[in-house]
Amino acid sequence: MKMDKKKITLLFVLLFVLSFFIYKNIIVETSAAGFEEPTIEELTKQIEEKETVLIYYSAQECLACQIFTPILKDKTSALNIPVYQIDAANTKNLTFVSKYNLMVTPTLVLFKEGKITRQEGALEKDELEKLLVEWDV
């Protein structure tokens, strides 16, 4: 009976360690997605100059973001569309986030010719492709 308790304890420890590494790998992949992370000043200047700017507002701990980020990265890389990522958890972004009322992760925001268009929530690959064509990014 004593051996069984040791095996069960060892199993729980191994499951915990495995879960931790899986979680960490998802977070690292999401945060290292390869999107540009400009300063808020740079983004504000581009927006004020009415440049086309596509922003991806996300959070590392957001499950929908973890699923959507690789889809977005693959599609925008293939189409050579620059994407600027804003981390919801970074307090330096609060003024910008508040100004543009960014409350949901993930959110795509397109600034184009002085107009703002947004898509809140994750999309599947074909939905994202349709949106990017519709937005003419």
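This is a stop-by-stop tour of a predicted model, from the whole chain to single residues.

**Stop 1: the whole chain**

Show everything as a cartoon. The chain has five helices and four strands. Follow it along the sequence and the pattern reads α-α-β-α-β-α-β-β-α. Switch to a surface. The accessible surface comes to about 9,200 Å². Carbon and sulfur atoms hold 58% of that area. Of the 137 residues, 34% are buried. Now consider contacts with a sequence separation of 6 or more: residues 24 or more positions apart account for 69% of them.

**Stop 2: the sheet**

Hide the helices. What is the order of the strands in the open sheet? It is E2-E1-E3-E4, with mixed pairing. Select 84-87 for E2 and 115-120 for E4. These two strands stand at the edges, and each has a single partner strand, so one side of each lacks a neighbour in the sheet. Look at the twist next. Neighbouring strands are turned by 20° against each other on average, ignoring direction.

**Stop 3: strand E1**

Select 53-58, which is E1. Start with its cover: six of its six residues are buried. Show the side chains. In a regular strand they alternate between the two faces of the sheet. Here one side of E1 carries Val53, Ile55 and Tyr57. Leu54, Tyr56 and Ser58 are on the other. Both sets are buried, so the two faces of E1 are both covered.

Now check the partners of E1. Toward E2 there are four bridges, and the two strands run parallel. Tyr57 stands opposite Ile86 of E2. Trace the backbone from E1 to E2: the path goes through H3, and this β-α-β crossover is right-handed. Toward E3, E1 pairs in the antiparallel sense over five bridges. There, Tyr56 has Leu108 as its bridge partner.

**Stop 4: strands E3 and E4**

Keep Leu108 in view and select 107-112 for E3. E3 and E4 also form an antiparallel pair, with six bridges. Which residue of E4 stands opposite Leu108? It is Gln119. Leu108 is thus a handy marker: it is the bridge partner of Tyr56, and it also faces Gln119.

**Stop 5: helix H2**

Bring back residues 40-48, helix H2. H2 lies across E1, E2 and E3, and its direction makes an angle of about 140° with E1. Colour its buried residues: Ile40, Leu43, Gln46 and Ile47. Their arc around the axis is only 130°, which puts them on the same side of H2. The spacing follows a simple rule. An α-helix has 3.6 residues a turn, so residues three or four places apart point the same way.

What covers this buried side? The cover includes E1, E2, helix H4 (94-99) and E3. Rotate to the other side of H2, where Glu41, Lys45 and Glu48 are exposed. Then step past the end of the helix. Lys50 follows H2 and has a positive phi, near 60°.

**Stop 6: helix H5**

Select 125-135 for H5. This helix lies across E1, E3 and E4 and runs at about 15° to E3. Its buried residues are Leu128, Leu131, Leu132 and Trp135. They span an arc of only 95° around the axis, so they sit on the same side of H5. Among the elements covering them are E1, H3, E3 and E4.

Turn to the face away from that buried side. Asp126, Lys130, Val133 and Glu134 are exposed there. Just after H5, select Asp136. Its phi is positive, about 55°.

**Stop 7: Gln66 in helix H3**

Select 63-78, helix H3, which you passed on the way from E1 to E2. Zoom in on Gln66, which belongs to this helix. Is Gln66 buried or exposed? Its relative accessible area is 14%, and buried means under 20%, so Gln66 counts as buried. Add Ala122 to the selection. Gln66 and Ala122 are 56 residues apart along the chain, and their C-alpha atoms are separated by 9.6 Å.

**Last view**

Show E1 with H2 and H5 together. H2 lies across E1, and so does H5. E1 is part of the cover for the buried residues of H2 and for those of H5.

Terms used
Residues numbered from 1 in each chain as written. Predicted model: local features only at pLDDT ≥ 70, side-chain atom pairs only at ≥ 80, totals over all residues. Heavy atoms only, no water. Pairing = 2+ DSSP bridges. Axes fitted to C-alpha atoms, helices over the stretch in contact; angles between N-to-C directions. Contact = heavy atoms within 4.5 Å. Buried < 20%, exposed > 50% of the residue type's maximum accessible area, 1.4 Å probe, protein only. Right-handed = clockwise from strand over helix to strand, strands pointing away. Areas by Shrake-Rupley, 256 points an atom, 1.4 Å probe, with all protein chains shown as cover. Arc of directions from axis to C-beta.
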